[in-house]
Amino acid sequence: MLISKQLRKIIEKEQTGIFNRYLQEKDNWEEHLYKTKEFIQLELESCKYNSVAILGSGWLLDLPMDFLIQKFEKIMLVDIVHPNAIQNKYKKYSNVEFIEFDLSAKFQSILEKNEQETLLDWPFQADVVISVNLLSQLVELPQDYMKLDFDLVLFAEIQSNHIHNLKKCEKFILISDIIEHQHLGAEIRDIMLVYCEIPLCMKKKEWTWNFDNSGKYFDKADKVEKTVFAFAN
Ligand SMILES: C[S@@+](CC[C@H](N)C(=O)[O-])C[C@H]1O[C@@H](n2cnc3c(N)ncnc32)[C@H](O)[C@@H]1O
């Protein structure tokens, strides 16, 4: 899928932001990244599948890449844009493939204010599909970087389609931040990050992500934490 230069720039800026925040909060993110990798590895350790697709692969910070490379014959990394450093690092592996695809199917149409776009089927097939810290991003990005007004119906549709597609897979893992907790002095403000129904009967784990302790992420908050849910079928 070809995306416009303008959209590529927006995504690259957002990815740089994620990486800089990771560098700044490295010690605080450690537990969340460890738990994400551990959950994925435990879910897949004894499975007999051949191929895996990783949605929202980005910098691969939250993925047990050594384990996946050993375990699977084919690994498809799916992101709207892949950081150059990651493409360079993994190009030597013949079982790793990079797929550029807008998993919301909406970004270009939001940018062009074109309402015609319909949701596309995923252009890949894999035995296992892992959606990793992406679900909230599918709607955060259009708000933060494209200045799209909050649109509950559109956002719920994008997220519920993502979950619907995942549930059709032979084996899926979905890990996502679900609630953001903004600490404003003595008050804690909770913000929902997911606007559609979530498959609670498939929820297996929950943890807290110490997301920002610098006070820079949200201007009035001393710190920001996120509640993360991990689902699998
Ligand atoms: C918070 S990061 C997830 C963490 C990621 N695994 C990492 O370690 O960088 C979200 C990723 O999802 C990607 N993304 C956001 N919206 C997307 C979309 N509509 N389609 C495909 N990828 C998207 C971003 O480019 C980013 O790399």
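Reader: Which residue in strand 3 does M76 stand opposite?

Author: Good place to start! M76 stands opposite E97. Keep in mind that we are reading a predicted model. That pair belongs to strand 2 (residues 74–79) and strand 3 (residues 96–100), which pair in the parallel sense over five bridges.

Reader: What kind of unit do strand 2, helix 3 and strand 3 make?

Author: With helix 3 (residues 84–90) included, strand 2 and strand 3 make a right-handed β-α-β unit.

Reader: Let's move along the chain. Is V132 buried or exposed, and why?

Author: The idea is to count neighbours: a residue is buried if 20 or more other C-beta atoms lie within 10 Å of its own. V132 is buried because 23 other C-beta atoms lie within 10 Å. You will find V132 in strand 4 (residues 128–132). Its C-alpha atom is separated by 9.5 Å from that of I40, although the two are 92 residues apart along the chain. I40 is itself among the buried residues of helix 1, a list that also includes W29, H32 and F39.

Reader: How should I read strand 5, and which strands does it pair with?

Author: A general idea helps when you look at any strand: in a regular strand, the side chains alternate between the two faces of the sheet. Now the case here. Strand 5 (residues 171–184) runs parallel to strand 4, joined by five bridges, and S131 has L174 as its bridge partner. L174 also stands opposite F231 in strand 8. Strand 8 (residues 223–232) pairs with strand 5 in the antiparallel sense over 10 bridges. Strand 6 (residues 187–192) is antiparallel to strand 5 too, with six bridges, one position to look at being Q182 opposite R189.

Reader: How many residues lie between strand 5 and strand 6 in their hairpin?

Author: Two residues lie between them, and G185 in the turn has a positive phi of about 65°.

Reader: Where is the kink in helix 1 centred?

Author: Compare the end-to-end span with that of a straight helix. For 40 residues at 1.5 Å a residue, a straight helix would span 58 Å, but helix 1 spans only 37 Å between its end C-alpha atoms. The kink, about 95°, is centred on K26.

Reader: Which residues come nearest to the ligand?

Author: Of the 23 residues around the ligand, G56, G58, W59, L61 and L103 come nearest. Helix 1 (5–44) and helix 5 (137–146) are the elements that give two or more residues to this shell. By type, the shell divides into 13 nonpolar, seven polar and three charged residues.

Key: Residues numbered from 1 in each chain as written. Predicted model: local features only at pLDDT ≥ 70, side-chain atom pairs only at ≥ 80, totals over all residues. Near = placed C-beta within 6 Å. Helix = DSSP H or I, 4+ residues; strand = E, 2+ residues; numbered from the N terminus. Nonpolar A, V, L, I, M, F, W, Y, C, P; charged D, E, K, R; others polar. Expected span 1.5 Å × (residues − 1). Bend = angle between axes of the 7 residues up to and from the residue. Buried ≥ 20, exposed ≤ 12 C-beta atoms within 10 Å, placed from the backbone. Pairing = 2+ DSSP bridges. Right-handed = clockwise from strand over helix to strand, strands pointing away.
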